[in-house]
Amino acid sequence: MLHLDVLLLIYHFAKFGSGNILEIGPYIGGSTIAAAFGARESGTPKKIISVEAGGRLKHRRIPSRNIFKDLKKNLTRFGVSESVTLINGYSYQETTISAIQQMLGRGEVGLFIFDADDNVRRDLDCYGDLLADCCWLVIDDYFGPCVKAAPRQAQVKELVSDGRLVPFGFYGWSTWVGQWRQK
Ligand SMILES: C[S@@+](CC[C@H](N)C(=O)[O-])C[C@H]1O[C@@H](n2cnc3c(N)ncnc32)[C@H](O)[C@@H]1O
């Protein structure tokens, strides 16, 4: 789950930034709703595409027995279901990749949100061409006890030293925020 500060940043990027929004791992929609509110208030039509594998999660505070169903329910409850295209699948599946490539063109994404598993590099390899130069990236679990943190941090550091990512700062509990540099 993302801290309120990060949800506000997502809202801000969606409202004031340019380009479409691609999200991997929305869970039951906190970040998706923040992005959809920002996009709606930007006054510019934006595509929001969010990829969720689904399943169930025994979370202490916010559990879900059917993640995809709860995600759809929450988007409807907050009045944004029409503005978000949901894909029920893993980000690295061929069907997901081709669906996204049909909806988004090269350099069209201005905000990329990653809060899924431990392999952000895999998804940047898949979708990097779709990101604009200077696209904002929000990558959760960069620090801390979460098992995803160490591999994510190593991958982000490597991408920073390769000149593909530019760090901006750390927010909330452990979220890395920065920008993409197109080759
Ligand atoms: C930590 S939760 C996301 C929380 C959400 N960003 C929020 O602010 O409430 C991670 C989610 O990513 C999903 N997920 C994990 N790996 C995935 C992948 N490769 N593709 C799509 N979804 C994935 C899980 O099912 C889970 O719902």
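**Figure 1. Asn20 of strand S1 stands opposite Val109 in strand S4.** This pair belongs to a parallel pairing of S1 with S4 (residues 109–114), made over five bridges. On pairing, the rule here is that DSSP must find at least two bridges between two strands. Helices (H or I, at least four residues) and strands (E, at least two) are DSSP runs, numbered from the N terminus. What you see is a predicted model, in which local features need pLDDT of at least 70 and side-chain atom pairs count only at pLDDT 80 or more, while totals for chains, interfaces and linings use all residues. Residue numbers start from 1 along each chain, as its sequence is written.

**Figure 2. Strand S1 runs parallel to strand S2 and is joined to it by four bridges.** Here, Ile21 stands opposite Ile48 in S2. Follow the chain from S1 and you pass through helix H2 (residues 30–42) on the way to S2, in a right-handed β-α-β crossover. The word right-handed applies if, with the strands pointing away from the viewer, the path from the first strand over the helix to the second runs clockwise.

**Figure 3. Strand S1 is largely enclosed by the rest of the structure, because five of its five residues (20–24) are buried.** Buried residues have 20 or more other C-beta atoms within 10 Å of their own, exposed residues have 12 or fewer, and partly exposed residues fall in between, with C-beta atoms placed from the backbone. Which residues point one way from S1, and which the other? Asn20, Leu22 and Ile24 take one side, Ile21 and Glu23 the other, and all are buried. In a regular strand, side chains alternate between the two faces of the sheet.

**Figure 4. Thr32 sits in helix H2.** Is Thr32 buried or exposed? It counts as buried because 28 C-beta neighbours lie inside 10 Å. Beyond its neighbours within four places in sequence, Thr32 is in contact with Glu23, Pro26, Ser50, Leu75 and Val84. Contact is used for two residues whose C-beta atoms, placed from the backbone, lie within 7 Å. Thr32 and Phe13 are 19 residues apart in sequence, and their C-alpha atoms are 12 Å apart in space.

**Figure 5. A shell of 19 residues surrounds the ligand.** Gly25, Tyr27, Gly30, Asp115 and Ala116 come nearest. H2 and S2 are the elements that give two or more residues to this shell. To be near a molecule or strand, a residue needs its C-beta atom, placed from the backbone, within 6 Å of it. By residue class, the shell divides into 11 nonpolar, five polar and three charged residues. For that tally, Ala, Val, Leu, Ile, Met, Phe, Trp, Tyr, Cys and Pro count as nonpolar, Asp, Glu, Lys and Arg as charged, and the others, Gly among them, as polar.

**Figure 6. Strand S5 (residues 131–139) is mostly covered, with seven of its nine residues buried.** S4 and S5 run parallel and are joined by five bridges. In this pairing, Val109 stands opposite Leu131 in S5. The route from S4 to S5 goes through helix H5 (residues 120–127), and this β-α-β crossover is right-handed. S5 also pairs with strand S7 (residues 175–180), this time in the antiparallel sense over four bridges. There, Leu137 stands opposite Gly178 in S7.

**Figure 7. Cys134 and Asp141 are worth a look at their backbone angles.** Most residues other than glycine have a negative phi. Cys134, in strand S5, has a positive phi near 75°. With 14 C-beta neighbours inside 10 Å, Cys134 counts as partly exposed. Asp141 lies in the loop between S5 and helix H6 (149–161), and its phi is near 55°, also a positive value. Asp141 has 25 C-beta neighbours inside 10 Å and so counts as buried.

**Figure 8. Stepping back, the protein chain contains six helices and seven strands.** Along the sequence they follow the pattern α-β-α-β-α-β-α-β-α-β-α-β-β. The radius of gyration is 15 Å, close to the 16 Å that the globule rule gives for 183 residues, so the chain is as compact as a globular protein of that length. This radius is taken over C-alpha atoms, and the rule is 2.2 Å times the number of residues to the power 0.38. Of the 183 residues, 40% are buried.
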